Amino acid sequence: MEYILTGKDMKALDRYTIEKIGIPSLVLMENAARSVVQYITDKKLFRKILIVCGVGNNGADGLCIYRILKIQGVSCDCMIVGDEKKATEEFCIQKKILEHLSFELLKECEFERYDAIVDALFGVGLSRTVTGIFATTIQKINAANAYIYAVDIPSGISSDTGEVCGCAVKADRTVTFGYRKTGTVRYPGKKYCGHLLVSDIGYSNQICELLEFQRKYCTDEDLKNIPKRDSSGNKGTFGKILMIAGSEKYSGAAILSCKAAYRTGAGMVKLVTHKENKPIFGRAVPEALSLFYGEEEKDFQEELENSIQWADVIAVGPGLSQSKKAKELLECILNHYNGKRVILDADALNLLSQNESLKDKLSPTMILTPHLMEMARLTGKNLNEIREYPEETAMDFANQYHCNIVLKDAVTISTDGKELFYNLSGNSGMATAGSGDVLTGILASAAIWKLPVQQVMALGVFIHGKAGDLTAKKYGEYGMTANDMINKLSFIGTKKLV
């Protein structure tokens with residue numbers, strides 16, 4: 001797992017690194033500037049580069065970048081924007097160095113003359129709406145026919161929310177320092193970053209642990225945490241999943257979830273569904289066991305309760321409907337799950353939102369997987385409020401009901417109410433019918449692995465996104481389907497990655 005930092009986190013990290021560890025701020029600044037220069041790989045192909053600097057520490061980084069480029073013989077200019085009476089100490093030091101070298105600094109220029117621009121106006125500390133000369137400058141940067149580099153974060157993007165603070169630089173490439181910032185992984189900030197690069201400038205992960213930063217994300221390295229298959233195992237030891245899914249009119253969601261569970265490594269999957277699904281399910285997933293309702297049901301309840309005891313993990317909801325029978329099935333699971341891990345998705349969530357008493361049965365072994373609209377129903381909050389504050393919404397609900405939340409969106413987040421995990425895999429092609437049903441199957445299998453529930457959520461969502469990326473690579477984001485993604489889950493346990 002890698003850390004994602006808020007603006008507040010970044011200030012705390014800087015302060016601790018400088019004051020406690022003893023690495024001077026100017027050393028960090030020099031490392032940061034050199035890393036930006038390193039990533040301007042085609043700098044000598046540009047006719048002329050412009051570095052645009054504010055008067056804070058981000059601007060000081062820009063002055064340092066200008067000095068390094070100039071010494072390397074790169075054709076470049078540097079422009080300062082803002083009231084230098086409000087400049088930071090580091091900015092003044094960097095400017096004094098340039099004066100000693102007799103390097104000229106501009107107050108205004110013609111942006112059209114440059115084919116590359118380095119944005120160093122604002123850093124992660126921006127907390128106000130961009131106005132005046134700064135807004136005008138950003139508009140000129142965006143209007144210039146130039147390749148744009150952003151230093152740490154595109155100016156005008158909130159480092160905490162990814163929101164555009166009035167206006168923002170639309171970068172082609174962003175070099176961020178030490179760790180990704182929340183504003184670089186959440187939309188619209190993510191889009192404004194262009195290609196994001198994370199540069200190591202001397203911070204230590206130990207400090208992040210000491211300061212108890214809560215936000216993280218999975219990388220390919222985390223796939224190594226998936227338990228290796230026991231060569232002496234059998235279908236029982238590889239995990240038994242009970243899937244409560246599908247209804248009289250809906251069979252597709254149940255099929256997708258069961259197939260995804262098998263592709264993610266489950267040994268056995270048993271589907272509880274309506275009798276109308278018997279023919280199609282038998283053809284689509286012949287490997288699965290089944291229990292059907294809707295006909296003679298005198299023994300059904302007993303068989304269902306026996307199946308609950310049989311299972312290692314239970315998943316409820318895909319295509320289930322919100323019928324009286326669906327509610328009965330959900331209540332049975334909530335009353336008899338006996339502390340096992342339970343995945344609640346789709347109609348199970350809609351039933352929860354309609355029955356407050358059922359929410360009181362939630363527990364720390366349960367993972368709820370709402371999309372934004374389902375979260376609005378669960379919480380009673382406005383959809384726009386959830387979209388603006390997804391982290392707070394998910395964490396508050398997880399804490400209130402002592403459960404775990406996977407809040408699905410373009411950037412899915414998951415939380416146990418304490419830690420927060422962002423998912424950075426996946427693509428827009430996954431916004432297609434059935435994608436969430438595939439995730440339910442993946443999470444059900446991942447829950448078998450006996451990893452902490454936080455890892456199950458983060459890793460399951462990451463795997464889902466990786467399968468989506470592999471699918472897009474083959475079919476394109478326009479043409480891919482949920483069923484295509486299931487077939488790409490075969491990368492699990494192999495070295496075949498995007």
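Colleague: Is C92 buried or exposed, or something in between?
Modeller: C92 is partly exposed because its relative accessibility is 40%. Buried means under 20% relative accessible area, exposed over 50%, and partly exposed in between, with a 1.4 Å probe and protein chains only. By the way, this is a predicted model, where local features need pLDDT of at least 70, side-chain atom pairs count only at pLDDT 80 or more, and totals for chains, interfaces and linings use all residues. Residues are numbered from 1 along each chain as its sequence is written, and side-chain values use heavy atoms, leaving out hydrogens and water.

Colleague: OK, how many disulfides does the structure hold?
Modeller: Zero. A disulfide is a pair of cysteine sulfur atoms within 2.5 Å. For C92, the nearest cysteine sulfur is that of C53, 13 Å away.

Colleague: And why is C208 without a bond to C218?
Modeller: Because their sulfurs are 16 Å apart, too far for a bond, and C218 has the closest cysteine sulfur to that of C208. C208 is buried, at 0% relative accessible area.

Colleague: Switching topic: what is the strand order in the open sheet of six strands?
Modeller: The order is β3-β2-β4-β5-β6-β8, with parallel pairing. Strands are DSSP runs of E, at least two residues, and helices are runs of H or I, at least four, numbered from the N terminus. Two strands pair if DSSP finds at least two bridges between them.

Colleague: Which strands are at the edges?
Modeller: β3 (76-80) and β8 (195-199), each pairing on one side only.

Colleague: Where does C53 fit in?
Modeller: C53 has A120 in β4 as its bridge partner. Five bridges join the parallel strands β2 (residues 49-53) and β4 (residues 116-120).
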